[in-house]
Amino acid sequence: MRISTNTIYQSGISKITNLQADQTRLQGQISTGKRFVTPSDDPVAAARVLEVSHNKDLNNSYADVRKTAQTNLETLESSLGNITNLLVSAQSTLVAAGNGAYSNAERSNLGKELKNSLDALVSMANAKDAYGNYMYAGFKSDAPAFVANATGASYSGDSNVQLLQVDAQRQMEVSVPGDAVFQAGGADVFATLTNVVNLLNTPITNAATQAAFTSGLATAIDGMKTSVDNVLNVRASIGAKLNELDSLNLAGQDRDLQYDKTLSNLQDLDYAAAVSDLSKNQTIMDAAQKSFVATTKLSLFNFI
Amino acid sequence: MASNILSIGSSALNAAQIGLSTTGHNIANASTPGYNRQVVVQAAAQAQNFGYGFVGQGAEVTGVQRVYNEILAKQVVSTQSASSAYDAYSAQLNTIDNMLSDTTAGLNPAMSDFFGSLQELASKPSDIPTRQTVLADAQALINRFNSIDGRLNEIREGVNTQLSNSVGVVNTYAKQIASLNDIIEKSISTTGNTPNDLMDQRDQLITELSKQIKTTVVSQGQGSYNVFVGNGLPLVVGKDTYNLTTATSPTDPTRVEVAYQTTSKTTILGASSLAGGTIGGLIQFRNESLDQVQNQIGQIAVALAGTFNQQHMQGLDKNGNPGGALFNIPAPVTTSSSENTGSGVLTTSIVDPSAITSSDYRVQYVGGNYLVTRVSDQNVQTFSSLPQTVDGLSISQVSGTMNNNDDFLISPTKNAASTMTLAFKDVNKLAVGGSVLNSAAGAGNTGSGSMSALTASSTYTSSPLTGTLSFTYNSGLPNTLTLAPSTLPVTVTYGGISTTYPAGSPVTYTSGATVAVGSISLVLSGTPANGDTFSVSPTTSANTGPSDNRNGLLLANLQSGNNVAMIGSNTKNSYATAFSQMVSGVGSKARELNVTSQAEAKALDSVKASMEAESGVNLDEEATNLIRYQQAYQAAGKMMQIASDLFNVLLNLGSN
């Protein structure tokens with residue numbers, strides 16, 4: 001077959017150019033560690049990578065929300081812990097106040113002690129979170145949840161509960177409105193304490209006042225028990241949520257690992273194969289260049 | 001006798017000289033593009049009869065011909081135009097492919113950041129720094145949309161420029177071919193010989209022309225070429241040329257189209273008449289890929305911004321006011337054809353951003369009907385009147401009258417991504433709180449009726465609800481709803497058909513129908529009992545506060561919702577999935593084109609090699625020819641020397 005001199009050069013060049021293109025591609029893969037450089041290298045995998053990265057981001061944003069939820073719930077839990085302690089101590093003071101050996105003056109002292117507890121409780125119920133919001137005021141967190149008055153304290157928050165998206169399919173309640181903590185189940189702890197303070201400050205002078213005291217104290221003890229149970233219930237539900245957050249965190253971390261693994265399978269380069277391809281390509285390139293020079297050196301003109 | 005030998009020698013010398021010149025010419029042009037090797041056609045001269053027989057009279061050169069295979073040349077031309085078309089298409093698409101390959105610069109990171117900070121805002125609704133972050137991330141997301149679409153616009157500009165350049169090149173070639181036609185024809189008619197080098201030049205021009213556009217050549221008369229381009233448009237006829245030119249599209253002023261110019265008029269050529277070559281490839285790229293990609297990114301922008309705005313308007317901002325739009329998105333681009341004869345003006349708006357497709361729409365007024373064609377799949381809907389809503393797009397005629405065949409093009413999403421902006425920078429205006437509207441079923445309701453999908457429309461901010469609206473079901477009328485206060489008309493939409501009831505008149509109840517009153521809409525469904533009531537009231541400060549994050553949650557969760565429509569499907573995609581589908585669409589097409597263009601380049605190489613094998617110069621062969629003609633020359637010289645010697649023998653006869 002007849003071959004023109006142009007063809008000899010042309011095909012030599014085009015083969016070397018192709019080898020160079022392959023080298024550039026391999027070099028690109030090796031330097032990025034990715035199996036594909038542009039979507040066209042593997043369109044299906046490229047789209048999957050985008051989807052999986054997006055899901056991973058989404059998963060991470062739920063993890064961030066869970067951190068906030070956890071902080072909120074832990075703050076609530078610690079505040080409710082203090083409240084529980086206060087209520088339990090008030091409860092024992094109440095029980096102790098029933099001691100018939102106490103004089104009016106002693107009862108009045110107990111009354112002062114409980115008045116202090118009441119003030120402390122109102123202040124605890126108006127606790128603020130890290131962002132300066134009143135924790136127990138529902139959505140109306142820019143004003144104190146409770147305002148003390150003659151009969152106890154009035155709730156000025158609302159009964160809304162903040163929900164957070166802690167996982168793709170789970171919205172979790174992360175706040176408790178104050179009325180559900182302090183004024184639920186028919187027992188208003190502020191009223192109970194106020195009544196009992198008044199009761200202890202009222203001297204027992206005769207059988208009637210004695211009877212009023214006894215029955216008032218009994219009511220207060222009942223009320224206080226309901227209130228403590230109530231706070232404990234709220235704490236229990238917070239504890240359960242914190243547990244749930246832990247397991248959601250574990251599941252989230254698991255998913256994150258899965259996403260990483262999928263991403264790695266989709267896009268990571270098989271370095272051994274790529275490096276071996278590159279060195280094979282270099283060998284071929286070397287041979288192609290040498291043989292090109294050798295072939296083009298041959299010319300009849302060298303002999304005439 | 002000696003003189004005869006001398007003239008034979010001289011004819012041999014002459015033939016060898018011509019052979020040497022031609023070989024030299026071949027060597028000199030070994031690398032000239034389009035050069036076909038030339039050969040000397042040599043024959044024995046007419047022999048002379050001397051009675052005892054014919055005595056040869058030496059050699060004569062009858063011609064110098066180029067080695068040229070017309071069939072192979074035609075194959076080269078047609079393969080060249082196909083290959084150039086794929087090259088042009090593939091080169092353009094690869095720029096988009098490369099742009100999308102940068103995962104850090106894509107849309108997804110900006111989208112994840114934006115929705116991530118919204119989730120954070122939902123957990124700290126009153127926190128000012130978090131609100132700032134949301135706005136900053138919204139701006140960053142807009143910047144990504146702007147920049148991706150801006151890059152696509154640059155590519156579009158580039159296509160326009162390249163088309164103009166290519167058309168210029170085609171016209172230049174046409175003139176050169178016509179003038180070569182003239183010279184070649186003249187020289188053949190005067191000398192009877194073919195001017196080989198000029199013909200090579202002309203064939204080379206044809207090959208170059210075929211790189212720009214599909215080219216067909218028909219030989220005519222005395223060596224003249226008639227050249228047709230694209231789908232058979234005459235470009236060169238003998239000495240005459242016709243021009244291609246560029247013109248802006250009648251329906252899109254930003255689009256440069258290729259047109260054919262005759263003395264009387266300029267006709268814009270459709271994609272089908274412009275197959276092949278760089279021009280064909282560019283037009284195909286623009287029609288099939290660029291328009292689509294730009295519409296798709298615009299569609300994601302419209303769907304994201306539109307659905308976000310809709311949800312944002314359902315919430316209350318930090319000051320307790322109903323939310324407004326966070327993103328400004330441009331209205332659809334509606335262009336009336338410059339060839340319209342009527343005065344009708346169309347206006348379009350997006351009513352349902354999650355139903356908007358990535359297609360353009362064509363509205364034609366034909367025989368008193370409006371034909372709305374979804375361009376991407378040629379789905380046609382016929383309406384006898386406007387306004388109509390098609391795929392979330394409301395089309396209405398604002399003024400003028402239509403004439404038959406008036407034509408409009410609507411691009412709902414084309415410019416959306418590059419022109420979207422942030423509507424406000426005041427952090428307090430982010431509507432994270434509650435819902436602007438509260439719905440309540442009457443406490444004494446006994447039926448199973450329920451209210452859902454309570455939505456404040458985009459006009460709610462300007463005309464908010466001031467008091468409670470209530471619907472009372474009445475089974476006796478029969479089956480109707482009465483609205484109190486009865487100051488507004490009620491529009492009921494069911495199955496795409498809307499009925500408007502004037503203020504105060506009873507509204508026929510249909511379960512599942514959308515009921516719209518003023519700037520609010522809701523869906524009533526189920527079987528209410530007689531006297532059951534459903535009320536809607538504006539949210540007051542009594543049921544919201546700084547920690548209210550209800551709308552914030554809904555906004556953040558838009559990310560995982562499916563709000564981007566797909567053509568020809570009832571299912572929708574999430575924003576991120578729509579984007580990844582766009583990327584994989586570009587990737588697949590680019591991959592397909594890379595493979596095809598490589599195959600086409602191989603085919604071109606192979607027909608070129610076949611042609612070269614026949615017509616190309618082989619220097620070794622020419623070296624052999626050099627030696628051959630050199631030896632022939634030497635032998636002829638020797639012969640003339642012998643003739644001279646013979647003559648001398650005769651002359652010396654006397655002197656002895």
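These notebook entries record what I looked up in a predicted model of two chains, A and B.

**Entry 1. Confidence**

I began with the scores that accompany the prediction. For the complex, the predictor gives an ipTM of 0.86 and a pTM of 0.86. For chain B, I noted a mean pLDDT of 90. In that chain, 98% of the residues reach 70 or more.

**Entry 2. Chain A as a whole**

I counted 7 helices and 4 strands in chain A. Read from the N terminus, the order of these elements is α-α-α-β-β-β-β-α-α-α-α. The radius of gyration of chain A is 39 Å, whereas the globule rule gives 19 Å for 304 residues, so I recorded chain A as more spread out than a compact globule. The span of its C-alpha trace along the principal axes is about 145 × 30 × 25 Å.

I then looked up burial and contacts. Of the 304 residues of chain A, 33% count as buried. Among contacts in chain A with a separation of 6 or more, 70% come from residues 24 or more positions apart.

**Entry 3. Chain B as a whole**

Chain B holds 10 helices and 33 strands. Its radius of gyration is 40 Å, well over the 26 Å that the globule rule gives for 656 residues, so chain B too is entered as more spread out than a compact globule. Along the principal axes, the C-alpha atoms of chain B fill a box of roughly 155 × 55 × 35 Å.

Of the 656 residues of chain B, 40% count as buried. For contacts between residues at least 6 apart in the sequence of chain B, I noted that 73% join residues at least 24 apart.

**Entry 4. Where the chains meet**

I next asked which parts of chain A touch chain B. The contact involves 46 residues of chain A and 54 residues of chain B. On the chain A side, helix H1 (5-32), helix H2 (43-97) and strand S3 (163-167) each supply at least two residues. H2(A) gives the most to this side, with 14 residues. By residue class, the chain A side divides into 19 nonpolar, 20 polar and 7 charged.

**Entry 5. Nonpolar cores**

The largest nonpolar core has 182 residues. The members that touch the most other members are Leu193(A), Ile177(B), Ile300(B), Ala301(B), Met420(B), Tyr575(B) and Phe579(B). I followed one of them, Ile300(B), further. Leaving aside residues up to four places away in sequence, Ile300(B) touches Val564(B), Tyr575(B), Ala578(B) and Phe579(B). Another core, of 9 residues, lies apart from the largest one; among its members are Ile8(B), Leu13(B), Ala15(B) and Leu626(B).

**Entry 6. Two hairpins in chain B**

I examined the run from S6(B) through S8(B). Strand S6 (residues 224-229) of chain B runs antiparallel to strand S7 (residues 233-237) of chain B, and 4 bridges join them. Val227(B) stands opposite Val236(B) in S7(B). This hairpin has 3 residues between the strands, and Gly230(B) takes a positive phi near 55 degrees in it.

S7(B) also pairs in the antiparallel sense with strand S8 (residues 240-241) of chain B, over 2 bridges. Here Val237(B) stands opposite Asp240(B) in S8(B). With 2 residues between the strands, the hairpin of S7(B) and S8(B) has Gly238(B) at a positive phi near 60 degrees.

**Entry 7. Cis peptide bonds in chain B**

I looked up two cis peptide bonds. One joins Leu386(B) and Pro387(B), with omega about 0 degrees. Pro387(B) is in the loop between strand S17 (379-383) and strand S18 (388-390) of chain B. The other runs from Ala484(B) to Pro485(B), with omega near -10 degrees. Pro485(B) belongs to the loop between strand S25 (480-484) and strand S26 (490-494) of chain B.

**Entry 8. Positive phi outside glycine**

Gln378(B) is not a glycine, yet it has a positive phi of about 60 degrees. The loop that holds Gln378(B) lies between strand S16 (369-374) and S17 of chain B. Is Gln378(B) buried or exposed? Gln378(B) counts as exposed, because it has 9 C-beta neighbours inside 10 Å.

Asn479(B), likewise not a glycine, has a positive phi of about 55 degrees. I placed Asn479(B) in the loop between strand S24 (469-474) and S25 of chain B. Asn479(B) has 15 other C-beta atoms within 10 Å, so I entered it as partly exposed.

How values were computed
Residues are numbered from 1 along each chain as its sequence is written. Chains are lettered from A and ligands numbered from 1 in the order in which they are written. This is a predicted model: local features need pLDDT of at least 70, side-chain atom pairs count only at pLDDT 80 or more; totals for chains, interfaces and linings use all residues. Two residues are in contact if their C-beta atoms, placed from the backbone, lie within 7 Å. Ala, Val, Leu, Ile, Met, Phe, Trp, Tyr, Cys and Pro count as nonpolar, Asp, Glu, Lys and Arg as charged, and the others, Gly among them, as polar. A residue is buried if 20 or more other C-beta atoms lie within 10 Å of its own, exposed if 12 or fewer, and partly exposed in between; C-beta atoms are placed from the backbone. A nonpolar core is a set of buried Ala, Val, Leu, Ile, Met, Phe, Trp, Tyr and Cys residues joined through C-beta atoms within 7 Å. pLDDT is the predictor's confidence in each residue, from 0 to 100. The radius of gyration is taken over C-alpha atoms; the globule rule is 2.2 Å times the number of residues to the power 0.38. Two strands pair if DSSP finds at least two bridges between them.
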